[in-house]
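The exercises below go through one structure step by step, each with a worked solution. Please keep the sequence and the 3D view at hand while reading.

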Amino acid sequence: MILEVIIDYLNNSDLDAPAFGEIPKENCPEEFYIVELIGDPVVDQIETATIAIRSYAQNMKRAADLSYDVDNLMRYGLIELDYISGVKRNTIANWTDQSTKQYRYQGVYVVTHY
């Protein structure tokens, strides 16, 4: 559920690119985000989700720009949703796929939710 909440939130924001749960097989845009759940620990009955958001673009600079655009929304906007109680950025890094030479950046966030 938290993935759907984040994807919907990003798609209803003013980002320049759409967000998906996986790379579209048809009509794939040049620029887009992929949102993936990479962990969901519960500590002391507090639910968290570790979320990776990959920003895909036609060049490395644009992928980085998209990544920092989504970073602002994740850290300062997502927290305003009623069921989100915290968002912490873990890292943002170049995540270019060396086998396909597809430019991408990845941000990793820990989202506390209920």
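**Exercise 1.** Which residues line the largest pocket?

*Solution.* Before starting, note that this is a predicted model, in which local features need pLDDT of at least 70 and side-chain atom pairs count only at pLDDT 80 or more, while totals for chains, interfaces and linings use all residues. Residues are numbered from 1 along each chain as its sequence is written, and side-chain values use heavy atoms, with hydrogens and water left out.

Step 1: on a 1 Å grid over the protein atoms alone, a pocket is an open set of points where a 1.4 Å probe fits, with protein on both sides within 12 Å along at least five of seven lines, and lining residues have an atom within 4 Å of a point.

Step 2: the lining of the largest pocket consists of Met1, Ile2, Val5, Leu37, Asp40, Val42, Glu47, Thr48, Ala49, Tyr83, His113 and Tyr114.

Step 3: the space in this pocket comes to about 170 Å³, a volume being the space filled by probe spheres set on the grid points, which are joined across faces, edges and corners.

**Exercise 2.** Sort the lining of the largest pocket by residue class and find which element gives the most to it.

*Solution.* Step 1: count Ala, Val, Leu, Ile, Met, Phe, Trp, Tyr, Cys and Pro as nonpolar, Asp, Glu, Lys and Arg as charged, and the others, Gly among them, as polar. The lining then divides into 8 nonpolar, 2 polar and 2 charged residues.

Step 2: helices (H or I, at least four residues) and strands (E, at least two) are DSSP runs numbered from the N terminus. Both α1 (2-11) and β4 (46-57) supply at least two residues each, and β4 gives the most, with 3 residues.

**Exercise 3.** Which residues of α1 are buried, and what covers them?

*Solution.* Step 1: call a residue buried under 20% relative accessible area, exposed over 50% and partly exposed in between (1.4 Å probe, protein chains only). In α1 the buried residues are Ile2, Val5, Ile6, Ile7, Tyr9 and Leu10.

Step 2: look for contacts, that is, heavy atoms within 4.5 Å. The cover over these residues includes β1 (19-20), β2 (32-39), β4, α2 (60-77), β5 (84-94) and β6 (103-113).

**Exercise 4.** Compare three salt bridges, stating for each where its partners lie in the chain.

*Solution.* Step 1: a salt bridge is a side-chain nitrogen of Lys or Arg within 4 Å of a carboxyl oxygen of Asp or Glu, and the structure holds 6 of them.

Step 2: Asp16 pairs with Arg62, with 3.3 Å between the closest N and O atoms. This pair links distant parts of the chain, 46 residues apart, with Asp16 in the loop between α1 and β1 and Arg62 in helix α2. Asp16 is exposed, at a relative accessible area of 55%.

Step 3: Arg54 pairs with Glu36, their closest N and O atoms being 2.8 Å apart. Here too distant parts of the chain are linked, since Arg54 lies in strand β4 and Glu36 in strand β2, 18 residues apart. Arg54 counts as buried at 14% relative accessibility, whereas Glu36 is partly exposed at 31%.

Step 4: Asp71 pairs with Arg75 at 3.0 Å between the closest N and O atoms. Because they are 4 residues apart in helix α2, about one helical turn separates Asp71 and Arg75. Asp71 is buried, with a relative accessible area of 1%, and Arg75 is partly exposed at 26%.
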